[in-house]
Amino acid sequence: MKFTAIATTLLVGSASAFVANKSTSAVSSTALNANIAVFGASGLTAQECIYQALKDGDTVVGLTRNPANVLVPKGSGGSDADKPLIDDNLTVIGGDVTNAADVAKVFENDIDGVIVALGGKTSDVGDTMLTDGTNNIISAMKSKGIKRMAVVTSIGAGDSKDQAPFAFKILMMTVMKKIFNDKNNQEKAVEESGLEYCIVRPGGLTVDKPTGVINVIDGEAGSIPRADVAQFCLEAVKDAEFPYIGKAPCISSVGGTSWVKDRSAAARGQA
């Protein structure tokens, strides 16, 4: 793994099932073996995105305030979980997503698609980190002509408030009020970006092993492994026919219409 040091400022309803198709055709400049940027690289969901992308043969550039915390994920990593995530195709940049200069450093590399998986307590990262950081990413993408992005937010964000379980709604209105205000503004920035986006709203996140099945939910969401969320995000930035571009699906492992990844040789252009 290459480290670049930067001064840090610091279903219940109806939905059509589909099979992900990993074709060899370009996807908004994103090919089968893609160059993917992951923001929030030391987060648990981002670690899954990085790990799975590398296993798929992709090249990854990650940005995080804490490069030493980029580890093999618990869900997909098996016996290697929690070891440092090191790969010749991985570059981790130490930086702050709210610093436009740090974000620009990521795009000095060839990038085809972008995954935004930012997180942290507002007491640690500020009340507007998600929105400010995402705006920096959007600006940098536009300057480089990069179109495809997946942005992980949460069930309950935007117009999905009624899909959150009752107990979670209470948290959203009280102790999590600031973070959800930031998430809502983040989603608005993405929706108004003019980019080929998918806003990913997972239910309750776990570090379980990947199931390979993701359910797109219209009603109240359940839980979902971070590994499955990562799979969904990677398909969103790599699949030309991904059906949720320009949308904000809520996903979980409970209920809804199954989304199953096609792992066959034919789907990988090998037959």
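Before I show you how two helices meet, let me say that a helix axis here is a line fitted to C-alpha atoms over the stretch in contact, and that the angle between two such axes is taken between their N-to-C directions. Please keep in mind that what we are looking at is a predicted model.

With that in hand, the axes of H1 and H8 come within 8 Å, and they cross at roughly 60°. That angle falls outside the range from 65 to 115 degrees that would count as roughly perpendicular, and H1 and H8 are therefore oblique to each other. The crossing of these two helices is right-handed.

Which residues of H1 and H8 meet? On the H1 side they are Leu44, Thr45, Glu48, Cys49, Gln52 and Ala53, and their partners in H8 are Arg226, Ala227, Val229, Ala230, Gln231, Cys233 and Leu234. Sorted by class, this contact of H1 with H8 has eight nonpolar, three polar and two charged residues.

Let me now move to the interior. The largest nonpolar core has 35 residues, and those touching the most other members are Ile36, Ile50, Leu85, Ile115, Phe232, Cys233 and Ile251. Helices H1 and H8 are among the elements that each supply at least two residues of this core, as are strands including E3, E5 and E7, while H8 gives the most, with seven residues.

Cys233, which we met in the helix contact, touches Cys49, Ile115, Ala150, Val152 and Val200, if we leave out residues up to four places away in sequence. Finally, there is a second, separate core of 31 residues, and among them are Ile93, Met141, Ile146 and Ile199.

Definitions and conventions: Residues numbered from 1 in each chain as written. Predicted model: local features only at pLDDT ≥ 70, side-chain atom pairs only at ≥ 80, totals over all residues. Heavy atoms only, no water. Core = buried A, V, L, I, M, F, W, Y, C linked by side-chain atoms within 4.5 Å. Buried < 20%, exposed > 50% of the residue type's maximum accessible area, 1.4 Å probe, protein only. Helix = DSSP H or I, 4+ residues; strand = E, 2+ residues; numbered from the N terminus. Contact = heavy atoms within 4.5 Å. Axes fitted to C-alpha atoms, helices over the stretch in contact; angles between N-to-C directions. Parallel < 35°, antiparallel > 145°, perpendicular 65-115°, else oblique. Left-handed = near helix turned anticlockwise from the far one by under 90°. Nonpolar A, V, L, I, M, F, W, Y, C, P; charged D, E, K, R; others polar.
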